[in-house]
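Student: Please take a close look at the empty space in this model. Tell me what lines it.

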Amino acid sequence: MSETVGRQRPRRNRRTSAWRSLVREHHLQVSDLVLPLFVCEGSHYRQQIAALPGRCRTSIDEMLDDVQEADALGIRAVALFPVIPDAQKDAHASASADEQGLLPRAIRALKQAYPHIQVIGDVAMDPYSSDGHDGIVGPDGAIENDATLPILCRMAVAQAQAGIDCVAPSDMMDGRVGAIRDALDAAGYPTVAIMSYCVKYASAFYGPFRQALDSAPRHGDKKTYQMDPANSREALRELALDVDEGADMVMVKPGLPYLDVVSAVRQASPVPVAVYHVSGEYAMLHAAAQQGWLDYQSCLLESLLACKRAGADCIFTYAACDAARALGGNGG
Ligand code: PBG
């Protein structure tokens, strides 16, 4: 044996595909994936979202077709976001409390057609707000935390009445998890879960999503409520508060640029951790693939696997169907 070869040869565990699969530490499964869907008014309506290639805004009937596709691929959860017409937006996001509003109707239709699909409802003012903010804008332009909480509570209860499985407050107001928990319990919905967007950064990677919903802030930015990308210790403070207030699950968002945070939250969290592979991450993959610079499928699976390795229990991704197909469909 050559003297240059030591006893330690990590490559022995990489020799064959079969051996690599024996020693693999992390696995991406179809059951890890959550598909976000953008729903709008109308019927037989389907409009491509330019910055999210392959994803559409759809009316409720067309959304059911997308859910059928996802269901056939083995995806078990979807996250719903409403596209609200400008005429229905106002400073108090009034449309969000309407039990017959767009999102509650979408939830009812979905749970009726696919009772086994887990439906996660976004709770935040921005799709309904004429200011494009996640909280009430005060006279001085500041986002008013406590005035926003009752609006979020009414929104969550309206979704619960429609049969939602889980509400997902994505607004980053302080104290909203506890307030929503109390409101759901008082309204008779103790089994509706709360997935808190617990560690959500003020990220420029949300651009395509805001185009999809036409929900960009009309003035200012979200830096007084979403987290500073420079901070990670603060993530553990947010985690402790949301768990204390009753969060059943927490989310870190965005995904890839924040995997250090995912890992820290995973280690500290007593509840499951979701990661949001956000719109900008999806758009970047597509843009590079369109140029012929990256292989879409390989880079997608690698990105999602990296989220799992960092500690994600589940992953929100616009590419859920693509990933499910690549993983071989049902069950992964
Ligand atoms: C807003 C919300 C945003 C996303 C999910 N919920 C955008 C924002 O905070 O402005 C972004 C998701 C994505 O970029 O994929 N409540």
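The answer below takes the open space, then the enclosed space, then a helix.

Tutor: This is a predicted model: local features need pLDDT of at least 70, side-chain atom pairs count only at pLDDT 80 or more, and totals for chains, interfaces and linings use all residues. Residues are numbered from 1 along each chain as its sequence is written, and side-chain values use heavy atoms, without hydrogens or water.

Start with the largest pocket (1 Å grid over the protein atoms alone; an open set of points with protein on both sides within 12 Å along at least five of seven lines). Its volume, the space filled by probe spheres set on points joined across faces, edges and corners, is about 240 Å³. Its lining counts 14 residues, each with an atom within 4 Å of a point. Nearest the centre of this pocket lie M172, D174, T224, Y225 and E238. Helix α7 (a DSSP run of H or I, at least four residues; strands are E, at least two; numbered from the N terminus) gives the most to this lining, 4 residues.

Now the cavities, where a 1.4 Å probe fits but cannot get out. There are 2 of 30 Å³ or more. The largest cavity holds about 130 Å³. It is lined by 17 residues, with D126, K200, Y206, F209 and K253 nearest its centre. Two or more lining residues come from each of β9 and α6 (207-213).

Finally, α5 (residues 176-186). Its buried residues (under 20% relative accessible area, 1.4 Å probe, protein chains only; exposed is over 50%, partly exposed in between) include V177, I180 and L184. The buried residues of α5 pack (contact: heavy atoms within 4.5 Å) against elements including β9 (193-200) and α7 (233-244). Just after α5, G188 takes a positive phi of about 90 degrees.
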